[in-house]
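Biologist: I am new to this one. Could you walk me through it, one question at a time?

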Amino acid sequence: MRSDLKLAVVGATGAVGEVMLDILAERGLKADQVIALASRQSEGSQVSFGRRELTVQCLDDFDFSKVDYGLFSAGSSISEKYAPRAVAAGCTVIDNTSAFRLNDEIPLIVPEVNGDLLKNFKQPGIIANPNCSTIQMVVALEPIQRKYGIRRIDVATYQAVSGAGRKAQEELARQTMQKLTFQEVECKQFSQQMVFNVLPQIDVLQENGYSREEMKMHWETQKIFADDSIAVNATAVRVPVFFGHAEAVHLETVNPFDLDEVEELLGSAEGVVYVPNLDASAHPTPAVHAAGEDPVFVGRLRRDHSRELGMNLWVVADNIRKGAALNAVQIMEMLES
Ligand code: A2P
């Protein structure tokens with residue numbers, strides 16, 4: 001990336017912000033190109049940037065005309081308030097919250113799937129980064145959608161606590177310690193005990209009985225694939241894993257498929273590591289394969305024995321990297337290329 005590029009990370013002290021700074025440092029950006037922003041209470045504190053540290057500045061006082069990009073990850077209400085101001089100051093915003101994802105005027109981008117849309121993007125403006133569960137699913141399904149078409153998707157997610165933010169990670173660590181020392185488990189971030197448990201609701205319930213997280217997978221998948229005919233029927237579940245979401249995906253294609261060909265397509269798909277069904281120790285898992293890594297891992301591929309055009313896959317990725325920070329940085333790199 002060009003050496004005079006400047007950017008601000010909004011929410012730099014949070015779970016996604018921290019990894020965003022790691023990725024930017026890995027990409028070779030210098031400390032004077034990156035500004036760390038957070039709330040007033042973090043002002044003056046230090047965050048890691050490669051081997052350097054950045055001093056956190058307060059978002060309220062920041063002048064966005066000083067930067068080319070703002071990578072926002074501080075919650076929807078912060079994005080709603082500050083992203084339009086940043087754009088008015090000439091800064092392009094890549095927004096990691098749900099604030100703008102379903103706005104028709106705003107592109108919702110996964111570079112491997114619909115990055116082409118960025119060719120016509122007029123800067124400055126806002127680009128939305130999809131929900132973590134949607135990103136990894138569409139990266140894995142893109143070659144299948146392109147070759148055969150997808151009619152419907154049934155998916156059950158197994159989502160890591162880091163997706164709920166830094167305080168949620170800390171609560172799982174605390175609950176683990178409490179449980180193992182026979183103390184009462186405290187729940188502030190989660191509705192029920194998270195450790196040694198699974199919770200079948202992420203985000204608020206809608207009138208139709210689905211959670212918002214589940215409906216996001218439906219709405220966002222249709223928008224990213226630009227195909228309103230795909231129906232996504234999701235059950236989103238939080239599991240006591242720190243990093244890495246897993247998804248059991250059961251789909252039905254529009255046209256017949258050949259399983260060997262699907263293996264080949266997945267084997268050469270951008271951003272995907274295909275893991276053949278060899279033995280139990282090889283299957284991709286969040287903690288062993290995905291955490292800290294960039295690709296989306298796909299395994300357990302098999303034909304659905306119960307319906308003719310059915311296919312099953314297991315999709316695993318680091319929810320904070322490809323599911324959030326990395327995808328945002330890749331969007332910025334595409335705009336710069
Ligand atoms: P702070 O640490 O100062 O509260 P997470 O998703 O891990 O919970 O992180 C949320 C991020 O959003 C943190 O960096 C947090 O900063 C930031 N944030 C929350 N509220 C504000 C605010 N009012 N202004 C700026 N940043 C905020």
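The questions below go from the whole chain to its sheets, helices, loops and ligand.

Modeller: Two notes come before we start. This is a predicted model: local features need pLDDT of at least 70, side-chain atom pairs count only at pLDDT 80 or more, and totals for chains, interfaces and linings use all residues. Residues are numbered from 1 along each chain as its sequence is written, and side-chain values use heavy atoms, with hydrogens and water left out.

Biologist: How many helices and strands are there in the chain?

Modeller: Helices (H or I, at least four residues) and strands (E, at least two) are DSSP runs, numbered from the N terminus. By that count the chain has 9 helices and 14 strands.

Biologist: What radius of gyration does the chain have?

Modeller: The C-alpha trace spans about 60 × 60 × 40 Å along its principal axes. The radius of gyration is taken over C-alpha atoms, and the globule rule is 2.2 Å times the number of residues to the power 0.38. For 337 residues, a compact globule would come near 20 Å; the chain agrees, with 20 Å.

Biologist: Which strands stand at the edges of the parallel sheet?

Modeller: Two strands pair if DSSP finds at least two bridges between them. This open sheet has 6 strands in the order β5-β2-β1-β6-β7-β8, with parallel pairing. Inside it, β1 (residues 7-10) and β6 (residues 69-72) share 4 bridges, with L7 partnered by Y69. Pairing on one side only are β5 (57-58) and β8.

Biologist: Which helix lies across β1, β6, β7 and β8?

Modeller: Contact here means heavy atoms within 4.5 Å. Axes are lines fitted to C-alpha atoms, for helices over the stretch in contact, and angles run from 0 to 180 degrees between N-to-C directions. Helix α1 (residues 15-26) lies across β1, β2 (34-38) and β6, at about 155 degrees to β1. The helix you ask for covers residues 321-336 and runs at about 160 degrees to β6: α9.

Biologist: Why is one side of β10 and of β12 left without a neighbour in the mixed sheet?

Modeller: The order of this open sheet of 6 strands is β10-β9-β11-β14-β13-β12, and the pairing is mixed. β10 (231-238) and β12 (272-274) stand at the edges, so each is left with a single partner strand.

Biologist: Which residue of β13 is the bridge partner of Y274?

Modeller: Strands β12 and β13 (residues 296-303) run parallel, joined by 3 bridges. The partner of Y274 is V298.

Biologist: Which helix touches β12, β13 and β14?

Modeller: Helix α6 (residues 212-225) lies across β9 (150-159), β10 and β11 (245-253), at about 145 degrees to β10. The helix on β12, β13 and β14 (310-317) covers residues 259-267 and makes about 180 degrees with β13: α7.

Biologist: Which residue does a cis peptide bond join to Q123?

Modeller: Omega of this bond is about -5 degrees. The partner sits in the loop between α3 (111-114) and β8 (126-128). It is P124.

Biologist: How much of the ligand does the protein bury?

Modeller: Residues count as near with a heavy atom within 4 Å; of the 15 around the ligand, T13, A15, S39, S42 and R166 come nearest. A polar contact with the ligand is a pair of N or O atoms within 3.5 Å; a side-chain N or O atom of S39 lies 2.5 Å from a ligand oxygen. Accessible areas come from the Shrake-Rupley method with a 1.4 Å probe. Alone, the ligand exposes 570 Å², and the buried share is 69%.

Key: A polar contact is a pair of N or O atoms within 3.5 Å; within protein, one must be able to donate a hydrogen and the other to accept it, and residues adjacent in sequence count only if both atoms are side-chain atoms.
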